[in-house]
Amino acid sequence: MKFEQPVTVDWMADFLGATIEGNKSDLITGINEIHKVEKGDLVFVDHPKYYDKCIQSDADFIIINQSTSFPPDKTLFIVDQPFEAYLKIVQHFRPFTETKEPVSSTLVVGQGSYIAPNVYIGKNVVIGKNCRIHPNVTIMDHVTIGDNVVIQAGSIIGSDAFYYNTKKNRSVWYKRMESCGGVIIEDDVEIGAGCTIDRGVTHNTVIGRGSKFDNMVHIGHDTVIGKNCLIAAQVGIAGATTLEDGVVLWGQVGVSKTLTIGENAVVLAQSGVPSSLAGNKTYFGYPAEDALSKKKELVWIKRIPEIWEKLKDKL
Amino acid sequence: MKFEQPVTVDWMADFLGATIEGNKSDLITGINEIHKVEKGDLVFVDHPKYYDKCIQSDADFIIINQSTSFPPDKTLFIVDQPFEAYLKIVQHFRPFTETKEPVSSTLVVGQGSYIAPNVYIGKNVVIGKNCRIHPNVTIMDHVTIGDNVVIQAGSIIGSDAFYYNTKKNRSVWYKRMESCGGVIIEDDVEIGAGCTIDRGVTHNTVIGRGSKFDNMVHIGHDTVIGKNCLIAAQVGIAGATTLEDGVVLWGQVGVSKTLTIGENAVVLAQSGVPSSLAGNKTYFGYPAEDALSKKKELVWIKRIPEIWEKLKDKL
Amino acid sequence: MKFEQPVTVDWMADFLGATIEGNKSDLITGINEIHKVEKGDLVFVDHPKYYDKCIQSDADFIIINQSTSFPPDKTLFIVDQPFEAYLKIVQHFRPFTETKEPVSSTLVVGQGSYIAPNVYIGKNVVIGKNCRIHPNVTIMDHVTIGDNVVIQAGSIIGSDAFYYNTKKNRSVWYKRMESCGGVIIEDDVEIGAGCTIDRGVTHNTVIGRGSKFDNMVHIGHDTVIGKNCLIAAQVGIAGATTLEDGVVLWGQVGVSKTLTIGENAVVLAQSGVPSSLAGNKTYFGYPAEDALSKKKELVWIKRIPEIWEKLKDKL
């Protein structure tokens with residue numbers, strides 16, 4: 001999330017009650033989570049395990065719970081509770097606000113688009129031309145939809161991320177990381193019925209041009225789906241993952257977080273993808289591997305009793 | 001989909017800008033996709049790979065992109081782009097029309113039926129007697145529901161098929177095949193919460209008498225579920241598949257398209273069904289096979305290290 | 001379900017047209033299904049296979065289809081059709097009633113709670129302080145929600161159980177067991193988008209304090225989720241199961257009914273849990289077993305061809 005106006009280091013230190021170390025002269029342009037960080041962004045880190053990753057990222061500004069070494073052009077904001085400080089910023093710059101009307105008066109809709117009855121549309125939503133938004137769809141705040149997009153009944157665009165700050169010494173272990181990102185749905189995308197697409201935690205979830213989803217597809221926060229991808233029913237894709245163009249996922253496939261599936265890869269039904277996959281190949285099983293090899297494994301499993309029968313007399 | 005009035009071959013050729021070959025005297029009674037075609041129907045084919053299947057089907061009328069050999073009682077309509085011609089027919093005979101009211105004034109409801117608040121009901125819907133349609137349900141156009149049917153909250157009946165015309169030389173690879181079929185839900189069916197049942201592409205998706213679905217069940221277009229089937233939560237069944245009577249699918253089972261599961265077959269939880277299954281047996285695993293054999297495989301897998309230990313000294 | 005006023009044995013026998021055997025002096029305080037039964041409760045049993053379990057349970061009152069031996073302090077109500085008698089009681093004490101208003105006038109909401117547009121809320125619902133109920137959520141009757149609870153868009157709380165009385169000699173094999181229980185969602189719980197949580201058949205489904213659900217999670221009737229559990233997207237948990245505190249289920253896990261997962265257990269993505277699991281361990285696969293051992297099995301499967309190559313020459 002970019003701030004509408006960049007803010008000074010002094011303003012931020014004052015707002016957070018933080019001690020400043022390092023560069024005080026640059027302006028902070030926004031807040032971001034570590035997978036999506038850009039120059040000018042502020043991030044937070046509250047565990048020494050992640051200090052290095054954070055300090056070596058593109059983030060220029062870091063909220064942290066103790067001093068540590070860092071490049072002189074960066075800025076540390078030292079506070080006792082970095083996560084709470086981060087939340088304070090989100091709540092200040094993009095506060096949760098109640099909505100009274102089913103369709104926000106801020107909605108911008110292009111010519112020829114149809115919005116069915118019983119649809120909810122939140123604030124800061126843009127819908128392009130010749131779209132069909134079917135009944136009982138929910139479009140939350142900060143969603144941008146291109147032209148010729150179809151969203152079938154009951155789908156939910158822009159729900160909050162499943163992303164928590166964990167501390168097992170609290171009575172409530174998991175505290176919500178408030179989402180402040182959005183969703184971008186490009187032209188010619190079609191979303192089936194009963195799908196859920198979470199918005200970015202600080203950035204955008206993106207569905208690329210011409211991609212088509214069957215029913216009950218779940219897309220996690222900050223995930224980027226390429227162009228002309230085909231995603232069958234009941235597929236789930238966790239957060240901050242990338243599907244390159246032309247990827248095909250068949251029914252009930254599960255994909256883990258922060259990985260990449262290369263262009264034109266095909267993943268067969270019910271497979272599980274725990275780590276990145278190269279493009280232009282077909283995958284199967286858990287963990288998803290080359291489909292032919294994996295299917296041969298099924299044949300070899302069937303041969304175990306026969307192998308044992310043949311060999312046991314040699315003992 | 002049957003036309004309200006049959007049309008002549010000449011009318012259709014004129015409407016499509018097509019060249020006619022073959023029989024010009026019969027009337028065209030409707031349009032259908034290849035899995036559901038009946039006498040009098042018009043189908044389309046745009047790839048030589050499928051010419052034979054199409055010409056040998058029950059279809060009397062075929063939209064095709066070049067001349068080929070065919071029985072003399074059939075009719076070819078030759079056009080450059082058969083898929084686009086097909087879409088033109090659908091859009092002419094069953095155009096997408098916008099709806100302004102949450103419950104269509106064309107709704108027919110039987111005595112004793114309850115329709116909760118926040119329900120959407122489209123055009124050409126019939127609901128029988130003593131039904132309960134729970135809140136936030138979406139019933140799209142062309143759905144017929146029998147007596148004593150329960151549809152729990154948030155379910156979507158009659159969403160459009162996940163069915164696309166694919167051409168990878170276009171910038172948008174996948175073009176929607178507009179659905180013009182419907183859904184038939186017979187007496188005493190109960191649908192759980194958050195289910196999605198797609199309508200037929202040209203024909204009907206059917207849920208047979210007395211069948212019961214748990215929550216989040218997905219049923220693809222043109223699929224036919226028999227009587228007294230029991231389908232547990234999060235099962236997905238792809239398009240144009242048939243479940244005979246009394247089939248039981250346990251939780252998270254996935255079933256592929258255009259196959260048949262025989263009567264009283266039971267498929268255990270999380271199994272995957274890529275091809276047809278005979279009735280009156282219990283299945284497990286991927287690919288779903290006789291449950292006992294498949295569970296024995298799990299035992300044999302556990303024995304591999306022991307087999308290796310016993311045999312390796314013989315090398 | 002507890003009756004508002006306890007009823008006498010004579011009243012019940014008269015209401016059901018039942019013959020009484022045993023103790024006539026105690027009052028019946030409610031009705032329950034066998035997994036949840038407490039002292040003073042009435043249960044039903046219609047198959048000799050379950051007579052013993054029923055009679056040895058805490059139930060003091062039993063609707064049964066024939067006389068059998070039982071402890072003298074209990075009471076049998078003998079009727080031809082115990083299931084139908086049970087339904088008659090549910091329909092009398094907690095009848096299904098139609099609702100005309102999207103949000104019931106009986107709703108009690110705490111300070112600072114936000115209820116979005118297009119939400120449905122049934123009868124006997126209590127919502128605590130500082131909750132967010134997002135658009136298109138459905139909250140059915142008899143749901144109690146604590147403080148600081150978030151329910152994201154399109155989720156359904158309190159849908160009816162997937163629980164049927166089966167008799168294959170009827171034309172409709174499965175008859176609905178009418179649910180009369182509720183749902184309790186404790187403080188600091190967050191439910192993702194598009195989830196479904198069934199109410200108890202006679203008791204309550206419970207989501208413990210501080211537990212967090214991702215999108216499209218399904219929870220069956222009478223299931224009890226402990227405190228600080230984390231449940232990822234597309235997980236399904238069947239009825240009357242218990243998750244102790246701190247359990248983590250990753251994406252697309254399936255859990256069977258009436259089992260227990262011990263505290264702090266972790267079940268990895270896509271695993272299937274057919275029977276109870278001890279706490280403080282990590283599990284994987286189907287059936288879910290110790291994750292390390294199970295992942296070693298995947299390595300051994302890959303070694304089968306190599307083992308065969310090495311050994312076949314010894315034949």
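Author: A residue is called buried if 20 or more other C-beta atoms lie within 10 Å of its own, exposed if 12 or fewer do, and partly exposed in between, with C-beta atoms placed from the backbone. This is a predicted model, in which local features need pLDDT of at least 70 and side-chain atom pairs count only at pLDDT 80 or more, while totals for chains, interfaces and linings use all residues. Residues are numbered from 1 along each chain as its sequence is written, and chains are lettered from A and ligands numbered from 1 in the order in which they are written.

Reader: Thanks! Let me try the first term: why is Asn228(B) called buried?

Author: Asn228(B) has 24 other C-beta atoms within 10 Å, and the cut-off is 20 or more, so the word applies. Asn228(B) lies in the loop between strand E24 (224-225) and strand E25 (230-231) of chain B. A strand here is a DSSP run of E of at least two residues, a helix is a run of H or I of at least four, and both are numbered from the N terminus.

Reader: What makes the phi of Asn228(B) worth a mention?

Author: That phi is positive, about 55°, although Asn228(B) is not a glycine. Asn148(A) has a positive phi too, of about 60°, and is not a glycine either. You will find Asn148(A) in the loop between strand E13 (143-145) and strand E14 (150-151) of chain A. With 22 other C-beta atoms within 10 Å, Asn148(A) also counts as buried.

Reader: Is Gly210(A) buried or exposed, and how do you know?

Author: Its 24 C-beta neighbours inside 10 Å make Gly210(A) buried. The loop that holds Gly210(A) joins strand E21 (204-207) to strand E22 (212-213) of chain A.

Reader: Which residues are in contact with Gly210(A)?

Author: Two residues are in contact if their C-beta atoms, placed from the backbone, lie within 7 Å. Setting aside neighbours within four places in sequence, the partners of Gly210(A) include Asp188(A), Val189(A), Lys227(A) and Asn228(A), along with Val172(B), Trp173(B) and Tyr174(B) from chain B.

Reader: What makes a set of residues a nonpolar core, and how many residues has the largest one here?

Author: The name covers buried Ala, Val, Leu, Ile, Met, Phe, Trp, Tyr and Cys residues joined through C-beta atoms within 7 Å. The largest such core has 206 residues, and Val267(A), Val267(B) and Val267(C) have the most contacts inside it. Beyond four places in sequence, Val267(A) touches Leu249(A), Trp250(A), Val253(A), Val273(A), Tyr283(A) and Ala288(A).

Reader: How much of chain A is buried?

Author: Of the 315 residues in chain A, 53% are buried. Chain A holds four helices and 34 strands.

Reader: How do you know what relates chain C to chain B?

Author: Copies are superposed by least squares on the C-alpha atoms of residues with pLDDT of at least 70 in both. A rotation of 120° with 0.0 Å of shift along its axis lays chain C on chain B, with an RMSD of 0.0 Å. That is the relation of a three-fold axis. Chain C also fits chain A after a turn of 120° and a shift of 0.0 Å, with an RMSD of 0.1 Å.

Reader: Where do chains C and B touch, and what gives the most on the side of chain C?

Author: The contact takes 38 residues from chain C and 36 residues from chain B. Strand E15 (156-159), strand E17 (174-176) and helix H4 (291-312) of chain C each give two or more residues, and H4(C) gives the most, with seven. This side of chain C divides into 17 nonpolar, 13 polar and eight charged residues. Here Ala, Val, Leu, Ile, Met, Phe, Trp, Tyr, Cys and Pro count as nonpolar, Asp, Glu, Lys and Arg as charged, and the others, Gly among them, as polar.

Reader: And which element gives the most where chain C touches chain A?

Author: There, 36 residues of chain C are in contact with 39 residues of chain A. H4(C) again gives the most, with six residues.

Reader: How do you know that the length of H4(C) agrees with what a helix should span?

Author: The expected span is 1.5 Å times one less than the number of residues. For the 22 residues of H4(C) that comes to 32 Å, and the end C-alpha atoms are 32 Å apart, so the two agree.

Reader: Where is the kink in H4(C)?

Author: A kink of about 40° lies at Arg303(C), shortly before the proline Pro305(C). The bend is the angle between axes fitted to the seven residues ending at a residue and the seven starting there.

Reader: What makes the bond from Tyr286(C) to Pro287(C) stand out?

Author: That peptide bond is cis, with omega near -10°. Pro287(C) sits in the loop between strand E33 (282-284) and strand E34 (289-290) of chain C. In chain B, the bond from Tyr286(B) to Pro287(B) is cis as well, with omega near -10°.
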